[in-house]
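Please open the model in your viewer and set it to show cysteine side chains as sticks. The tour below goes from one selection to the next.

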2 protein chains.
Amino acid sequence: VTSADSLLCAPHALTMDGSGVGYLADAALAIDRGRILAVGRRPEIAQEYSAERTIDRGHHLMLPGFVDAHMHTGMCLLRGLAQDTHHWMMHGVGPFSAHLSPQAMDAGTRLAVLEAVRAGTTTFGDFGWSMDSVCAFLAQVGVRGAVAVTIREAEQRIYAPGELYTFDRALGRRQFDANLQLFDRWHGAANARLRVFFGPQGADFLSRELLLEVHQAARARATRMHMHVAQGDRETAQIEQRYGCRSIACLDQVGVLDANLLAVHLTEASADEARLVAERGASMALCSGSIGIIDGIVPPAAAFQSAGGRVALGSDQAPGNNNHNMFNEMKLTALFNKVHAGDPEVMPAWRVLRMATIEGAAALGWADEIGSLTAGKRADVSLIDLRRPTLAPVHLRPMRNLVPNLVYAARGDEVDTVLVDGQIVVDKGRLVTMAEDQIFSEAQRYAAAIGPAAEAEFFRIDNANARAMRDGNL
Amino acid sequence: VTSADSLLCAPHALTMDGSGVGYLADAALAIDRGRILAVGRRPEIAQEYSAERTIDRGHHLMLPGFVDAHMHTGMCLLRGLAQDTHHWMMHGVGPFSAHLSPQAMDAGTRLAVLEAVRAGTTTFGDFGWSMDSVCAFLAQVGVRGAVAVTIREAEQRIYAPGELYTFDRALGRRQFDANLQLFDRWHGAANARLRVFFGPQGADFLSRELLLEVHQAARARATRMHMHVAQGDRETAQIEQRYGCRSIACLDQVGVLDANLLAVHLTEASADEARLVAERGASMALCSGSIGIIDGIVPPAAAFQSAGGRVALGSDQAPGNNNHNMFNEMKLTALFNKVHAGDPEVMPAWRVLRMATIEGAAALGWADEIGSLTAGKRADVSLIDLRRPTLAPVHLRPMRNLVPNLVYAARGDEVDTVLVDGQIVVDKGRLVTMAEDQIFSEAQRYAAAIGPAAEAEFFRIDNANARAMRDGNL
């Protein structure tokens, strides 16, 4: 008999091992010092391992924690302020994001992490400006993160459609330095739960010279570059004006499309361009909800996968997508791709569940440690209550409906327990490592200052929401 | 001072009065004998009305109960069994629905109603075969319903693609009789919370003669006809083979496209056909989730509205859409239409919230009684907890983010209290008029018999799910 810290038992598990979801009935996990010692049928595991603690859930489903590969948690206080309008970045969120203080970003991060972890997300691919605070907070909450500083040289202001960005070399240098310092301070910290990536904002936002420098810095440190690629017609127009080519061709010329790249969005990429990025070995982060709402576009993830590329899912940010919930991303990814292709067999539920777990982990270069319930990996696990209206009844034969129900019905509130590194982070649906009430009050307090500061610009730009407010429709 | 049964108070209300959402701050509702006596600012209402009971929610949003205009609650036990595969009706759900006993349908109805009412649905547009039980259950739970019996002459069996249906006149006659009896027994019952519509399944499923008879019966009783219209290529093929015209042209010829018709789906309708149906005065029920999953299609609701037609939302059924949740329908309606049009300004949040409330009520011919918080209407009200990660923070100026957050972030579990006819049906997110545990156990018990009975046919048809099960991917 081997001793373990904990045994985790449930009538159903999706290990995500193998080519599908790796279903296991009457399942048990033996966990020791944060790692999975063994996965198997309960009688065998119980015989082989003795544990101090047994977490036994009688009507639950066990599965790996979700990987949310692309997030801007610092924007969470702007939830609901920029949908339903054209020119999202400049005319939608622009008037508000100009007034996000570092404290407001931090309060937003706390709210976003609360929302996401309660819905089963255990790995956070965060991207933004106040990243020291983000790392400290992720460490404190007890979750996992791959964190990057946004690096840009383009000056922060609202540009008119078509206007070429003006560059500030010193700004880019400062942000690159911040990313380097973040790497030194946090990469490998918190029991190796934190990794630091490098975050050039996108081909349009910085010079080729700085982009290459960032690329080399990431390679020299054996870490990844996390970058928006072909994220909008705005980007295409900037790059064409500056270099006379489209984004992906330009990036390929410079030589940054490689296995170290997590390429986010590919909103404006053609299927051929998406396949080129995949063939170069890069991974893709697909933000279905965000790009659907902001642009009305379904990015070419299916083409990317058909060329052998790995696709992770990302919830992006609250003023666009409006939520940080991988159940939402899985559902929208399956549905948008069906609607886009006019074919209900495209992106089946089991495939998108892989994108939210093992394929997402692989896209971050982390599949050796997370993404499946496999002996030797870290114990990042969710337990989902099947005695909820959305997940009942359970069918096992001739077809198991567990995965379609997770993808097409579950909302996120069915997540009962979340463990990261074998430690309980969420219990009975509540975050146990932080005071939830304080997160809400701080979010509301810092949010209160943003709207009034943005008011004049909001009505000057007069977007569709400003008109709806004026007409009394909103 | 006027006396009332109850006062309902919350810091925010969306009355849905006027052209938009009718926002009201510091709101109160005076309710007496199931009706709204007055809506207004709390200080004035409190001064004018004295009530035995005050329901005071400090961080909540008040809005009308949702209208789910098209449902097959009786199919709920088949949740998760028929997505991700072609020929949904025959090859997806067909093997399972053949083994749904009336008891299994009733257990499904109870589960579906539990799910929906906890997510704020107060009016159920149900359509199926075991409708006496449905009416009794809706009356007992205390919610509102517009209920129809499915009337078809086509024999119930699995047809090969393209095979012409065989008709059984006696079957059609029995179902029409059942609908007539249901009308006599339940129309206007349960304090007028129940209405009975007539439910021909679709132009392809019954003869013109019976369709006309049903149409006249509905008109003679001043009630509506609720019918699937142009719901799939299957229907188009049947109608073209039989009559040499497309569904909507055929129905127009026969004369059943009129103000008494609730036309469901319009999946295969062109924009011109949709406009024709709207111009004839009919209403539309749009089931975004269901048609997106089953067919990969976005029905022409925008064209229907542009011709002045009213569009209600419907959650359809669990083995397709997979859930009965109007938050899901609102989000998917907004997002699918943006993605379909490639335009983020299409179907803004405030517009789809109207479809789930006042426009849905109008589509059912019930807008004089429900769909908005208006003096004189029935008190069907939801109170939504804003102190949830999905709905925080609240911005009021210069833009209110309440409606975008309801549509793009809320999941349904934020619904705290639901009243129908002034009576509390849901409290703290739980159904108080029925035993929830019993609903779950019954659902599981009746579900257990369905799969084994369907097994041989499921693997004989060998759809995409059968292959995924065989390959160990599901």
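Which cysteine sulfur is closest to the sulfur of C135(A), and how far away is it? Select C135(A) in this predicted model, and you will find that the closest cysteine sulfur belongs to C76(A) and lies 18 Å away, which is too far for a bond, given that a disulfide needs the two sulfur atoms within 2.5 Å. While C135(A) is still selected, note that this residue is buried, with a relative accessible area of 0%.

Move next to C287(B), which takes part in no disulfide, the nearest cysteine sulfur being that of C76(B) at a distance of 15 Å. C287(B) also counts as buried, because its relative accessibility is 0%.

Now turn to the bonded cysteines, and select C245(A) together with C250(A), whose sulfur atoms are 2.2 Å apart and form a disulfide. If you display the torsion about this S-S bond, the value is about 60°, so the disulfide between C245(A) and C250(A) is right-handed. Both of these residues, C245(A) and C250(A), are buried.

Finally, select C245(B) and C250(B), where a disulfide is again found, with the sulfur atoms 2.2 Å apart. The torsion about the S-S bond of C245(B) and C250(B) is about 60°, and the disulfide is therefore right-handed. C245(B) is buried at a relative accessible area of 14%, and C250(B) is buried at 4%. With this stop the tour has visited the disulfides of the model, of which there are two over all chains.

Notes
Residues are numbered from 1 along each chain as its sequence is written. Chains are lettered from A and ligands numbered from 1 in the order in which they are written. This is a predicted model: local features need pLDDT of at least 70, side-chain atom pairs count only at pLDDT 80 or more; totals for chains, interfaces and linings use all residues. Side-chain values use heavy atoms; hydrogens and water are left out. Buried means under 20% relative accessible area, exposed over 50%, partly exposed in between (1.4 Å probe, protein chains only).
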